[in-house]
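Student: I have a structure open and would like to learn how to read it. Could you take me through some features?
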Amino acid sequence: MSEMMDKSMETPDEDKESHKSNGTTLNDGVKEVLGVVRSVRKSLRHAAEKSPLSLGGKGSKVTPKAAADGNESELQPPPSPTTSPLRRIGSLFQKKDEDTPKASKLRRSKTAPNKISDTLLKRSEFLLRSLSIKTKKDQSCRQEPYLTVSEASMEEKNEEEEEEEEVEGIEEMYTLPDIPQTPLSVMQISKLIEMEVLEEAHLNLLSLRQEFQREQEQCGEDSPMELVKKEKDLSLLYRDLRNKISTIVRDSSSLPARNKGLLVHVARIIQEEEMRAQEPGGLPDSWMEAWRDAVGEGVQAKVANVHLEQREQNVSWLAVHLGLLGKAIVEDLENVKRELQRSYPRSFKVFSTYVKSYHRVVGQHLKKLELQVAELKDLYALLDWIFNRYKSERIMGSLSLQPDMKDESTDLQLEDNFLKQLKEKYCSKVKVDMNSSLDRIIELENEEFWMESKTPNKEENFPNSPFHMDIWTKVKATVVHSGKIDAHLEQRVISSCLQELKQFPKRFETEFKHHCHDKPQPLWTEYQITYINSFTALQEHMDGYRDACPDEVEGFRKEVKWLITRLLQGLEDQYKEDVKPYLKRMITRKWLTNDEDFNQLYSRTTLLSHHCALMRRPHVQEFASRLHYHVVREYIGQLMRSNFSCKNRKHEKAANKIHQQWRKLVDLFTEMESTHEWLHPVGDDLSDIIGQKNKTDIKDHLEPLVEHYADFSRKHLVAVLNFRGLTRGREHQLILQRFTELKKKQGDTGGDKSHVLFGDMQVTVNTNCLSSLPFSCLSFLLPDN
């Protein structure tokens, strides 16, 4: 029997081939092994009954000290005689049963009850593996020929109960099994490692290491070649063992059922090697650190396997990938919490290690993704996933991961300045995206209105282009989304949007003039008013960001103001050009007998008044006031040019006509919401002076004009008197003398100096030398003298 076991130990591959080719040989071998196992089991049972260390019931913790003190624990009942021999072999010959992690909590004695039995157990286990005889776990998919249904159900129920109770992991303390006095050969140990018989391989490695240490002590500083070779073999075997452990740990999350039992051995090997770190013959670096690296590699493989489409194949490639990534993280951590933690002692902090690995690996993965991101929506998806979704209940805050996540950080481990660079890239892309949107808005305006000469739409009875709402909606959505990331990014996004918007008014004006310069005048006027309204509304929208970015808002306001001023100036110039010929013929000989020119002036002003009614405040008041001033100045200016004199009582007709026309203009500009009410009296004041029947009464009607208009001067009065037909004489001088007295009486405090009407008004001065002489010099010419 011993020869047979040795043979199978040395040539497991040949036995496997025999198993494949000759079923009879295998059956005979199994029967022979089972016979040996039955005899071994009897001896073990007999030794266990006599041993001071007995196995306790489920959940019991029996230690050698308790046994030494004579404390007795409840003995586990012997196996049923109807239990399958194959099933019992699996439970007896494995050092740590893969299906019963609870058994790993039992502390093991350094001194076995029966040394021969222990050796037989180890070699029988290896024999069973070599003959490909599957244990209880491996045969779970097929019916046991020797196990009754009731017994199988009861055993499965017990296993489920033990699994439910085993949620905290194996115990921290353990007792190392006996180390063989003579280790297996290097090839045999290597084969055990390759076949994942980890505990057996490790014990033989420890035996080989102890042998090396003894020989090293004997040799002292002079190490023979044989000892150097043994040290090299040790290093290679340890390296193979660590690599095998790393592979098992790396794949443990993907194959939890397969690796569940192996992880128990992995944990014990790591614990043992960490304790022997200072002893010669081992690996210099930490086994625990290697385990953490293996966990990280497994996490990295998980993350790398998450489906990622190409940008060209799916516009939502990043959002889909991040969604799948979050799902994979949660599922993996749920599996770690539910399955893997049971195979490790608490000191390994398995769940915490996996969480930290995900923080690090996902951070590295996002760095790679960032290099592929080129669109604004994808940059936002990345930022939102980092700042919000990763920490939310969808991933790290998932209820299924509680309470294990209670003391864990939910922050990703990112490279320095990564977030800063990502935010800068996002803000730069915001500017580029805003620029493109503004260009598209101008294109749409041309396609929908300018090319078709279409009348603008109205909003609350005001002509308005929808572009101001499009821009505001775009900016607001971008700002709101960035605010969900953090306040600093929100402020930078506002600044970026306003910087691009600052250039928009000039760009829009250039394109507008280019496409619409040849439009009919009424449509051109309506377009100008439409864009005055639209840019006014856009400015009001952007004023809401004044607190966040005052400088940028003010810069945008100035550009909008200048655009609106230029649009208003265009309307004003157009109107002035239209009414210029009619105003030139005011207060002329033809004007006195013909109303055609005034009617044209009034008609053009009325038409513009209708357009002004479509203009929003406050620009309508400003525009109407400027037109009001222009009409008054030009109308009264014709009176100052002394185009003709009203003789033979024509001055009364002229005064009456000025009064009537002035009333119409006052009413019209009042309707247009002009704020220059101070211009209203001038027509009536002048017509009152011109219409006086008696020349001597004129001096008594000068005071209102002097009070209303501080810049009305002597030369202006002379021009009015010339129009009245009073160019010289005593009355003329008395009127001028009275005016001088009123101006002197008024002094510096009279009138509103800010209201300038006559100051720069052109006056045609009468060069007659007698008209300018003082009254005292001409008194000798009077009839009485």
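Student: At what angle do helix α19 and α21 pack?

Tutor: Keep in mind that this is a predicted model. For two packed helices, look at the angle between their axes and the distance separating them. Here α19 (residues 504–516) and α21 pack at about 25 degrees, and their axes are 9 Å apart. Angles under 35 degrees count as roughly parallel, so α19 and α21 are roughly parallel to each other. On the α19 side, the contact is made by Pro505, Lys506, Glu509 and Phe512. From α21 come Phe556, Glu559, Val560, Leu563, Arg566 and Leu567.

Student: Several of those numbers step by three or four. Is there a general idea behind that?

Tutor: Yes: an α-helix has 3.6 residues a turn, so residues three or four places apart point the same way.

Student: How far apart are the end C-alpha atoms of helix α21?

Tutor: For this, compare an expected span with the one in the model. Helix α21 has 35 residues, 550–584, and at 1.5 Å a residue should span 51 Å. Its end C-alpha atoms are 48 Å apart, which agrees.

Student: Where does a kink lie in α21?

Tutor: Look at aspartate 578, where α21 has a kink of about 40 degrees. The kink comes shortly before proline 581.

Student: How many disulfides does a search of the whole structure find?

Tutor: The general idea first: a disulfide is a covalent bond between the sulfur atoms of two cysteines. In this structure, the search finds 0 disulfides. Take cysteine 497, which is in no disulfide: the nearest cysteine sulfur belongs to cysteine 427 and is 8.9 Å away. A pair would need to be within 2.5 Å.

Student: Is cysteine 497 buried or exposed?

Tutor: To decide, use relative accessible area; under 20% counts as buried. Cysteine 497 has 0%, so this residue is buried. Cysteine 516 is also at 0% and counts as buried. Across the chain, buried residues make up 46% of the 785 residues.

Student: Which residues is aspartate 332 in contact with, leaving aside its neighbours within four places in sequence?

Tutor: Contacts show what surrounds a residue in space. Aspartate 332 lies in helix α13 (residues 317–338), and is buried because its relative accessible area is 3%. Its contacts beyond those neighbours are Ser253, Lys302, Tyr354 and Tyr358.

Student: And where is the place of lysine 302?

Tutor: Lysine 302 is in helix α12 (residues 287–304). With 28% relative accessibility, lysine 302 counts as partly exposed. Lysine 302 and aspartate 332 are 30 residues apart in sequence, and their C-alpha atoms are 8.4 Å apart in space. Not counting residues up to four places away, lysine 302 touches Ser253, Ser254, Asp332 and Tyr358.

Student: How many residues apart in sequence are alanine 655 and isoleucine 690?

Tutor: They are 35 residues apart in sequence, with 5.7 Å between their C-alpha atoms. Alanine 655 sits in helix α25 (residues 650–671) and, at 6% relative accessible area, is buried. Beyond its neighbours within four places, alanine 655 is in contact with Ser687, Ile690 and Gly691. For the chain as a whole, take contacts between residues at least 6 apart in sequence: 80% of them join residues at least 24 apart.

Student: What about a residue in a loop, such as serine 398?

Tutor: Serine 398 is in the loop between α15 (376–389) and α16 (418–450). Being in a loop does not settle burial, so check the accessibility: at 8%, serine 398 counts as buried. Outside its neighbours within four places, serine 398 is in contact with Val330, Ser392 and Glu393.

Notes. Residues are numbered from 1 along each chain as its sequence is written. This is a predicted model: local features need pLDDT of at least 70, side-chain atom pairs count only at pLDDT 80 or more; totals for chains, interfaces and linings use all residues. Side-chain values use heavy atoms; hydrogens and water are left out. Helices (H or I, at least four residues) and strands (E, at least two) are DSSP runs, numbered from the N terminus. Buried means under 20% relative accessible area, exposed over 50%, partly exposed in between (1.4 Å probe, protein chains only). Contact means heavy atoms within 4.5 Å. The expected span of a helix is 1.5 Å times one less than its number of residues. The bend at a residue is the angle between axes fitted to the seven residues ending there and the seven starting there. Axes are lines fitted to C-alpha atoms, for helices over the stretch in contact, and angles run from 0 to 180 degrees between N-to-C directions. Angles under 35 degrees count as roughly parallel, over 145 as roughly antiparallel, 65 to 115 as roughly perpendicular and the rest as oblique.
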